[in-house]
Amino acid sequence: VTEIWPDELADMLELHDFELINVHVPYAGQIPGTDAHVAFNDVDAIEAHLDGDLAAKAVLYCLTGPMSAQATAALVDRGYCRIFDLTPAMVGWEQAGYSLEP
């Protein structure tokens with residue numbers, strides 16, 4: 001798992017060559033550009049969203065961090081090698097001056 005920070009994600013969103021997945025439960029808003037909302041504990045559904053492609057590039061995030069950490073670790077355990085975790089989560093995203101969508 002590679003941890004990324006808000007400014008890194010903002011730069012990545014310019015190209016958006018990855019899946020941005022909100023794994024927070026219950027839904028509490030999202031980062032603009034989010035591709036999907038899938039519960040952190042439904043790793044099978046996250047994997048299905050990535051089409052089972054172990055080389056799929058994805059950034060997962062939640063509200064404060066623990067849910068995305070759990071989901072990214074589970075994907076890595078299943079063999080995914082390009083999974084990123086927005087470590088400071090949505091809270092850190094907002095603190096860095098970026099907006100959220102309702």
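This passage walks through the charged contacts, the first helix and a few unusual backbone sites of a predicted model.

A good place to start is helix α1, which spans residues 6-15. Pro6, Leu9, Ala10, Met12 and Leu13 are the buried residues in this helix. Viewed down the axis of α1, these buried residues fall within an arc of 165°, so they line one face of the helix. Such an arrangement is easy to follow from helix geometry: an α-helix has 3.6 residues a turn, so residues three or four places apart point the same way. The other side of α1 carries Asp11, Glu14 and Leu15, which are exposed.

Two of those exposed residues, Asp11 and Glu14, also belong to a negative patch on the surface, together with Asp7 and Glu8. Glu14, placed in α1, has a relative accessible area of 71% and counts as exposed because this value is over the 50% cut-off.

Attention now turns to the salt bridges, of which the structure holds three. One of them pairs Asp17 with Lys57, and here the closest N and O atoms are 3.3 Å apart. This contact links distant parts of the chain, with Asp17 in the loop between α1 and β2 (19-22) and Lys57 in strand β4 (residues 57-61), 40 residues apart. The partners sit in contrasting surroundings: Asp17 is partly exposed at 42% relative accessibility, whereas Lys57 is buried with a relative accessible area of 18%. Lys57 counts as buried because its value is under 20%.

Another salt bridge is formed by Asp44 and Arg78, whose closest N and O atoms lie 2.7 Å apart. Asp44 belongs to helix α2 (residues 43-49), while Arg78 is in the loop between α3 (66-77) and β5 (82-86), so this pair ties together parts that are 34 residues apart in sequence. Asp44 is exposed, with a relative accessibility of 51%, and Arg78 is partly exposed at 38%.

Arg78 also forms a salt bridge with Glu47, with 2.6 Å between the closest N and O atoms. Again the contact links distant parts of the chain, as Glu47 is in helix α2 and Arg78 in the loop between α3 and β5, 31 residues apart. Asp44, Glu47 and Arg78 are thus joined in a network of salt bridges, with Arg78 taking part in the pair with Asp44 and in the pair with Glu47.

The backbone has some details worth a look as well. A cis peptide bond joins Val25 and Pro26, with omega at about -5°. Pro26 is located in the loop between β2 and β3 (36-37).

Positive phi values turn up at two residues that are not glycine, Asp51 and Ala89. For Asp51 the angle is about 60°, and the residue lies in the loop between α2 and β4. Asp51 is exposed, with 70% relative accessibility. Phi of Ala89 is near 60°, but this residue is placed in helix α4 and is buried, its relative accessible area being 0%. The two sites therefore fall on opposite sides of the burial cut-offs, under 20% for buried and over 50% for exposed.

Helix α4, which covers residues 89-95, also contains Gly92. Gly92 is buried, with a relative accessible area of 8%. Its C-alpha atom is separated by 7.8 Å from that of Thr64, a residue 28 positions away along the chain.

Beyond this helix, Glu101 is found in the segment after α4. Glu101 is partly exposed, at 32% relative accessibility. The C-alpha atoms of Glu101 and Gly79 are separated by 32 Å, and these residues are 22 apart along the chain.

Terms used:
Residues are numbered from 1 along each chain as its sequence is written. This is a predicted model: local features need pLDDT of at least 70, side-chain atom pairs count only at pLDDT 80 or more; totals for chains, interfaces and linings use all residues. Side-chain values use heavy atoms; hydrogens and water are left out. Patches are made of residues with over 30% relative accessible area and no salt bridge: like charges are joined within 9 Å, nonpolar side chains (Val, Leu, Ile, Met, Phe, Trp, Tyr) within 5 Å. Accessible areas come from the Shrake-Rupley method with a 1.4 Å probe; for residues, only the protein chains shown count as cover. A salt bridge is a side-chain nitrogen of Lys or Arg within 4 Å of a carboxyl oxygen of Asp or Glu. Lys and Arg count as positive and Asp and Glu as negative; His and the chain ends are not counted. The place of a charge is taken as NZ of Lys, CZ of Arg, CG of Asp or CD of Glu. Helices (H or I, at least four residues) and strands (E, at least two) are DSSP runs, numbered from the N terminus. Buried means under 20% relative accessible area, exposed over 50%, partly exposed in between (1.4 Å probe, protein chains only). The arc is that of the directions from the helix axis to the C-beta atoms.
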